[in-house]
Structures are given as structure tokens and as C-alpha cells.
Amino acid sequence: MKPYGRYRTRRLLLALTAAGGLLLTACSGGDDGSEGSKSADRDISGLPAPTQSQGTSEQDDRREDPDHLSTFALDVDTASYDYARRALADGRLPDPSTVRPEEFVNSFRQDYERPDGDGFSVTVDGARTADEDWSLVRVGLATRTTERTGERPPAALTFVIDVSGSMAEAGRLDLAQESLSVMTDRLRDDDSVAIVAFSDEAETVLPMTRLDGNRDEIHDVISELDIRDSTNLGAGVETGYETAVEGLREGATNRVVLVSDALANTGDTDADTILERISGERREHGITLFGVGVGSDYGDALMERLADKGDGHTVYVSDEDEARKVFCEELPRNIDLTARDAKAQVAFDPETVEEFRLVGYDNRRVADEDFRDDRVDGGEVGPGHTVTALYAVRTEPGAEGHLATATVRWLDPDTRAPHEKTGDLETDALDDSVRSANRSFQVTATAAYFADALRHDDPLLPGAPRLEELAGHADDLADRTQDTEIHRLAEAIDTARRLKRTDRE
């Protein structure tokens, strides 16, 4: 997917896009926080995907995009933000290659309206920046909350635990053991767990076992995990999936949970090769991967690719509080699935938009013509999730009217039936400035600006304040909201400011 789009007036293409939208949009008036809202939530299999002409490279990495489209697979990863916070707490700036802006943005709770049933709600809003004719446009997607899901299906979880030498560092294996023990006490009696330990080789130390009546045995296995040799992550993942298939439970959510610093140094060390070895299990049985990263040195790129291509997502933990949150709150919440292969497509109106740029999602771009090709991989999303995508958008001078339409497409986890829902944004719905926008939008912008500052010495996002100014904005926002997570964001920004100033000196 192309990072930039530049437009000319093409009324024929716009008419074709609008006509396709009418086929998909049977009802209007959804409450998505913007004017002109339209939505549809029904089976629309068989409709043709929009066509696309491939763009040509231009100066500054801009490309012609005659379809005015941006398409990406949904992503609920948050590991990049938490790993950046760990690096800053250790007194060092994170490697820019590990900074993924979408994971910074998606680390914060959002107040999007939730759908009444399965699927997504779509919220599209925006605010103007200090740069002339530039705005930030936010596409927010939300699933139903966990409180409204009723009885979730039982879980069959296969934990793949790294016991290599590097896991001896405090805050790695010991943290995983403590968290697994607490989680064992909180899972339901009808849930099941299996445990695979790996170093230079992998071994199933506990086959799939029901929690009911067996918690003491599971606790014993967890406590007996000990440090061994090198890191054959490929063997661990392969054995983990074999164990998951052997213990497969019909009607349950079957998932592999990989806990590792992902510093693979033996056997297969390439994510694509590792995933190819277990591709049959993933496709036939729909077993998804949940990656939990640990350690001050962490193989971020490998873990992220494994999770993205393994139909799952990643988190990173560095202390006991974060670990308990992941294992005791996030993992149980992610046991159930609301949507498989979810993708989003945003169509910008060439009458009002001159150019746009999707912030982040570099590894999640999807070809525009593959939006409705359900053979193309998307993202897996559970109940209670929100997904946010932020765009830098340059409008035509004095532009008025329709700005953009966002559509999310997903497959029902059980029937694989496709569904879609849309939301619109008009130019007059843009707030006057980012600073006057609602609280959650300001948090979104602050997180995106922070990621931008960590990736680049000179800000690239329009309207981006210098790090010193951003730190002040974050402090003000934290004081006004009294939100613990925003206080942590403000502290991280201030630490980055001081470290960057020290580097300059």
C-alpha cells in the first residue's frame, strides 16, 4: 500500500466508488461522531472488489493513486510502545526501527461507541493542524465490550515458554512463571492448558490438561521450568502447534501463547520459514498466535512478524504489574474472537483531498484490490478491542463537503461469512485544532507525534510540535485527565526529551 496519495479531479472514478458504496450501504444514521454517517452490516459476499491502477514513484516517496484509497489489515499490537517505554526507563532511546506508530496509538483506551452486536462500529473524526490545509483524520473501529459477550467458549491454550540462557535475566522467565501461576488460578474449570518449554530443543512438559482438579499439577510444572541453553525458537513454535493440534478441542478457542525474548540463535531464525512449517495447523484448525515479549534485549522484529503472519498479535511486558495485566486481563479477553481477517479501506474524496498519508501500519498494508479478496490475510480482533488509524490529510484550499469514507470488512469467526460497515467524514466536522479536539483525539495525536519524534530527528507529521513542546502538552493532558496511562505517556516523552538533549550536547 502506498504511503502517500496525490489527486486530480476524476468524477468518473468518484461516481464508480460512490455507486459501489451504495450497494454496500443499506442504512444510514449510525452514531459515529461525524456528519453524514452511513453504515451497513450484512453478508455482501460476491460483490466485486474495486479496481486499482498501480502508481508510479514520485519525489519524496509520493505516488499517484487514482483510486484515492488506503487499505490495511487491522492490528491490535501494542508491543512497540511498551518496549520503547522500557528502553527509556533504562536510560536509552529506542532503536527507531522498533518504533511502530500504530502500536503507540493503539496502546490507549478510546471512547468510540460500541456496536450492539457482533462486528464493529466505525467512528471517523478529525482536527486541523497548525500547518495550513493539513489535518489529522482518525478512523476508529470498536468491537462489543466483554461484558456483553455472555458466556465465552472454553479456551485451549498452549503456552510455549522460552527457557534459554538469555531468559535467566530478572524480569524474564521468573516474570513469566509468576504470571502463569496467577493466571492458572483465574482461568475457568472448563479451560485447558498445555506447556511447551524450549531452548536448543523443544519439549512438551504438560499435554493439554483441564484446569478442573488439576491446578496443583499445572502449578508444579510451571515452577519446575528452569534455564537451559540456546534459543531454538523455531522448534518451540513448531512443537507448540503440534501440541495444540494434539489437544485440539472442538468448540473451544485454540491458541498458542509464545513467551520469549525472541533472541533466536539456533535452528530456524526466520519468521516466514518458521510459519511455513506450521502453516497446515494454522489454516486447517484456525489456531492463532499470541506473542508476549520480555527482556531488555528483545527480538522485536521477529516476534512482530510471527504474530502478524500467525493471525495473532503481540504485547510486551517488563514488570509484574504489566505481566498480570496481560495474563490475567488481556489474554482472557482475547480468548474469544469477534472477527477474522479484518481489513479497513479508506476512500478519500478527490474533490476535497489533495494528498494523504497513513501513519504507521507499514507492515500491514494491503493492495487496494485485495480488500474484498477474503483469501488475503487480515487481522484477528477480539471483544472489547478498539483499533485506531490516523491519517495526515492535506485538503484542497477552501474545500467543503465530503472528505472520506472508511469501511471495515471482516469474516465471522465461525461461519466465515463476510460483513462490512462504513462511516463518513465531512470537512465541516473537522475540529478547529488538535488542541481543541476531544480528549481521546488529543491522546491519539500525542502518541502519534511521540512515535514520530522517536523515529525522526525532525518531525514529519504536519503540525508536530518539537519534543519539548510535546512534553508540555502531555503533562497538561495528564493533569486534566488524571489518567494513569497518560501520566506514563507524559513521563516517557519527558525522558525522551532529556535523552535527546543529552545526545545533542
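# Close-up views of strands, helices, rings, cores and a cavity

**Figure 1. Strand β10 is covered on both of its faces.** On one side of β10, Thr-253, Arg-255, Val-257 and Val-259 are buried, and on the other side Asn-254, Val-256, Leu-258 and Ser-260 are buried as well. Buried here means under 20% relative accessible area, whereas exposed means over 50% and partly exposed lies in between, with a 1.4 Å probe and protein chains only. The model is predicted: local features need pLDDT of at least 70 and side-chain atom pairs count only at pLDDT 80 or more, while totals for chains, interfaces and linings use all residues. Residues are numbered from 1 along each chain as its sequence is written, and side-chain values use heavy atoms, with hydrogens and water left out. Strand β10 spans residues 253-260, and eight of its eight residues are buried, so the strand is largely enclosed by the rest of the structure. Helices (H or I, at least four residues) and strands (E, at least two) are DSSP runs, numbered from the N terminus. In this chain there are 13 helices and 18 strands.

**Figure 2. Strand β10 pairs with β7 and is joined to β11.** Strand β7 (residues 155-162) runs parallel to β10, and seven bridges connect them; two strands are said to pair if DSSP finds at least two bridges between them. Within this pairing, Phe-159 is placed opposite Val-257 of β10. Strand β11 (residues 288-293) is also parallel to β10, with six bridges between them. Val-257 faces Phe-290 of β11.

**Figure 3. Aromatic rings of Phe-104 and Phe-450 form an edge-to-face pair.** A pair of aromatic rings is described by the distance of the centres and the angle of the planes. Rings of Phe, Tyr and Trp (its six-membered ring) pair if their centres lie within 6.5 Å; planes under 30 degrees apart count as stacked, over 60 as edge-to-face and the rest as tilted. The whole structure contains eleven aromatic pairs. In one of them, the ring centres of Phe-104 and Phe-450 are 5.8 Å apart with the planes at 65°, so this pair is edge-to-face. Phe-104 belongs to helix α3 (residues 101-105) and Phe-450 to helix α11 (residues 439-455), so the contact of rings ties together parts that are 346 residues apart in sequence. Phe-104 and Phe-450 are both buried. The pair of Phe-348 and Phe-356 is stacked, with 4.5 Å between the centres and 20° between the planes; both of these residues are buried. Ring pairs also join Phe-104 and Phe-450 with Tyr-81 and Phe-108 in a cluster.

**Figure 4. Helix α2 is largely enclosed, because ten of its eleven residues are buried.** The helix covers residues 79-89. Its buried residues include Tyr-81, Asp-82, Tyr-83, Arg-85, Arg-86 and Leu-88. After α2 comes Gly-91, which has a positive phi near 85°.

**Figure 5. The largest nonpolar core has 39 residues.** A nonpolar core is a set of buried Ala, Val, Leu, Ile, Met, Phe, Trp, Tyr and Cys residues joined through side-chain atoms within 4.5 Å. Phe-104, Leu-136, Phe-450, Leu-467 and Ile-493 touch the most other members of this core. At least two residues each come from α2, α3, β6 (134-142), β16 (386-395), α11, α12 (467-481) and α13 (484-504). Helix α11 gives the most, with ten residues. A second, separate core has 33 residues, among them Ile-195, Phe-290, Val-292 and Val-294.

**Figure 6. Helix α9 packs against several elements through its buried residues.** Seven of the ten residues of α9 (residues 300-309) are buried, so the helix is largely enclosed by the rest of the structure. These are Asp-300, Leu-302, Met-303, Glu-304, Leu-306, Ala-307 and Asp-308. Their partners are α3, α6 (233-246), β10, α7 (271-277), β11 and β12 (313-316), with contact meaning heavy atoms within 4.5 Å. Asp-311, which follows α9, has a positive phi near 60°.

**Figure 7. Seven named residues, from Phe-159 to Ile-222, line the second largest cavity.** A cavity is a set of points on a 1 Å grid over the protein atoms alone where a 1.4 Å probe fits but cannot get out, and lining residues have an atom within 4 Å of a point. Grid points are joined across faces, edges and corners, and a volume is the space filled by probe spheres set on the points. The structure holds three cavities of 30 Å³ or more, and the second largest has a volume of about 40 Å³. Its lining consists of Phe-159, Leu-180, Thr-184, Val-193, Ile-195, Ile-218 and Ile-222. Helix α4 (173-186), strand β8 (192-198) and helix α5 (215-223) each supply at least two residues of this lining.

Conventions:
On a 1 Å grid over the protein atoms alone, a cavity is a set of points where a 1.4 Å probe fits but cannot get out, and a pocket is an open set with protein on both sides within 12 Å along at least five of seven lines; lining residues have an atom within 4 Å of a point.
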